[in-house]
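Could you walk me through this structure in my viewer? I am new to it and would like to know what to select at each stop.

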Protein chains: 2
Amino acid sequence: MDEFDIIRRYFLNALMPEYVSTGPGDDCAVLTVPTDHSLCVSTDTLISGTHFPHSASPVVVANRAFGANFSDLAAMGASPYGITLALTLPSGDETWLDQFSVASQAQADAHQCPVVGGNLAKGDLSITLTVMGTVPNGSAILRSGASQGDDVYVSGFLGDAAGAVRQLGSFNANAQLLSRYESPVPRLALGIALRGIASAAIDISDGFLADLSHLLTSSRVGAVIDLNHLPLSLSLVEAFDKPAAIDLALRGGDDYELCFSAHPDHRQAIAELAEVQGLRLSRLGEIVSGAPVVVNKASGRELDTLGYRHFS
Amino acid sequence: MDEFDIIRRYFLNALMPEYVSTGPGDDCAVLTVPTDHSLCVSTDTLISGTHFPHSASPVVVANRAFGANFSDLAAMGASPYGITLALTLPSGDETWLDQFSVASQAQADAHQCPVVGGNLAKGDLSITLTVMGTVPNGSAILRSGASQGDDVYVSGFLGDAAGAVRQLGSFNANAQLLSRYESPVPRLALGIALRGIASAAIDISDGFLADLSHLLTSSRVGAVIDLNHLPLSLSLVEAFDKPAAIDLALRGGDDYELCFSAHPDHRQAIAELAEVQGLRLSRLGEIVSGAPVVVNKASGRELDTLGYRHFS
């Protein structure tokens, strides 16, 4: 199989929704744009050995790549619209491609986000997705909208994926934690529901404190956080001692949960949202004026917000 | 510098057009979509050692990456709208990044196509661009529209870039040819002007015959080509003997010219277009019914259309 056979076999046969008038196979895909909506666009690269272990299965690679990209849409309150897939792999391994393609298609289907274009090249394994979403004009949730007095929330549990990474290769690896690392669930429905409620949002990929700190920098505010309210899963506290679990939750990364701010007027609406979506939404603290730092409520001291960084 | 410093320093400072309400620096860019227009999207990866020599300067890397991506828009008749840039590089080399960033920005400016998002990761050098363009609804030029009796055209000269690759590292390398390889010029204005004129189009990246063959396959037709009309530059015929020059023009690739079909009624319009744009448009033959093969008019025999292929 050469690249054209591979592309034909694996990526040209998906059904396209009506708004995709030309799917993969031409120089560009052509998409009809919904009226009164804006386009949200984000791109993310995952590299073997950095963003997933060299031993990761093609299903894990697909799930992590799509999950991370959809998570960026979730943070904007956007609905999935289309995605392009640029895959670099060392050889035309049919079994690998078969499994990867099925998993990619499952991700695309699950989130109703057609793979409208792609590229295949030979090289070390890496995958770059560019995801597009739509939001009604003016309703995208930005990082920059947090104000003094807003509450700070986080969805789901923190630290599970990082806990799994710490356990990778161990015989006692916790299946619950591992699944959170291998199949992150983008909070798309939450993001959409937060339009008009959240004043700012970001998805947690680098670590809760690092990403909260990006939000604070964009909004030019600070935050005070109560560590007692950190949402730690039972699996995490069973697998690690308390200080380690808290550190994983604060700095671990790969959670793909949403961190968002909202005016206290919305507390009731957010509580209802948590119930409707069956998703824990923890109120961790509040936005304060001043430098973009995160203060530990108990100690009154600044927390180190450094997350994972390339080139550092 | 870590990745955030690099992104801040090189990619967050560009001026955005009014339709980009949120540029790089949030989870997604947010773009207002023009009314009554469709979106064209394409993604392309360039890998060091495959798509450019390991020794290529950052300026050549940027020019080739942007040129190749814009060329896909040109083939659809689309106007540039926005582009995302995912860069993987082995180290945070400031000089390299500085030159690459200036060249990328120059490409974005020259084609009025803002870099709306990006990603930076550590690994072997590669670059994935995802380009977005717009066309008035229903006016995208597809590969699938060629009909029996249509003329077959190609823009510019063929084989120059492939000739340059053949000469890479040689002391007698021809500067004219080299510049065609290092700084391909996407035929965006031509593509836009061909809306309503061309029945089908494709850009030439894999080689004239290979790409014409893709167009024929999509259109379910064949073509007869007169090799005497192949546009060969003076530089190419000076640097190579005639058979080699013809082979480079037919199979060399990296031309980023447009190959298109058009009804004979448009001959006058196309001749005028060539004059207005100062761009050679050569009529090479015609579309015929039957299998998607290219026949040599002189010999009546089928030409081998295989171009460059990964994994073959």
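Start by selecting A:D160, A:A161, A:G163, A:A164, A:V165 and A:Q167 in α4(A), then add A:L177, A:L178, A:R180 and A:Y181 in α5(A), because these two groups meet in contacts between C-beta atoms within 7 Å. This is a predicted model. Colour the selection by residue type: the contact of α4(A) with α5(A) divides into six nonpolar, two polar and two charged residues.

Now show both helices in full, residues 160–167 for α4 of chain A and 175–182 for α5 of chain A. Their axes come within 7 Å and cross at roughly 110 degrees. Angles of 65 to 115 degrees count as roughly perpendicular, so that is how α4(A) and α5(A) are placed relative to each other.

Next, move to the sheet. Select the six strands in the order β1(A)-β2(A)-β3(B)-β6(B)-β4(B)-β5(B); they form an open sheet with mixed pairing, made of strands from chains A and B. At its edges you will find β1 (20–22) of chain A and β5 (115–122) of chain B, each pairing on one side only. Look along the sheet to follow the twist, which averages 20 degrees from one strand to the next.

Zoom in on the β1(A) edge. Here two bridges join β1(A) to β2 (residues 29–32) of chain A, and the two strands run antiparallel. Pick A:V20 and you will see A:L31 of β2(A) standing opposite.

For the last stop, select helix α2 of chain B, residues 58–76. This helix lies across β3 (37–47), β4 (79–89) and β6 (126–136) of chain B, and runs at about 30 degrees to β6(B).

Technical notes:
Residues numbered from 1 in each chain as written. Chains lettered and ligands numbered in written order. Predicted model: local features only at pLDDT ≥ 70, side-chain atom pairs only at ≥ 80, totals over all residues. Pairing = 2+ DSSP bridges. Helix = DSSP H or I, 4+ residues; strand = E, 2+ residues; numbered from the N terminus. Axes fitted to C-alpha atoms, helices over the stretch in contact; angles between N-to-C directions. Parallel < 35°, antiparallel > 145°, perpendicular 65-115°, else oblique. Nonpolar A, V, L, I, M, F, W, Y, C, P; charged D, E, K, R; others polar.
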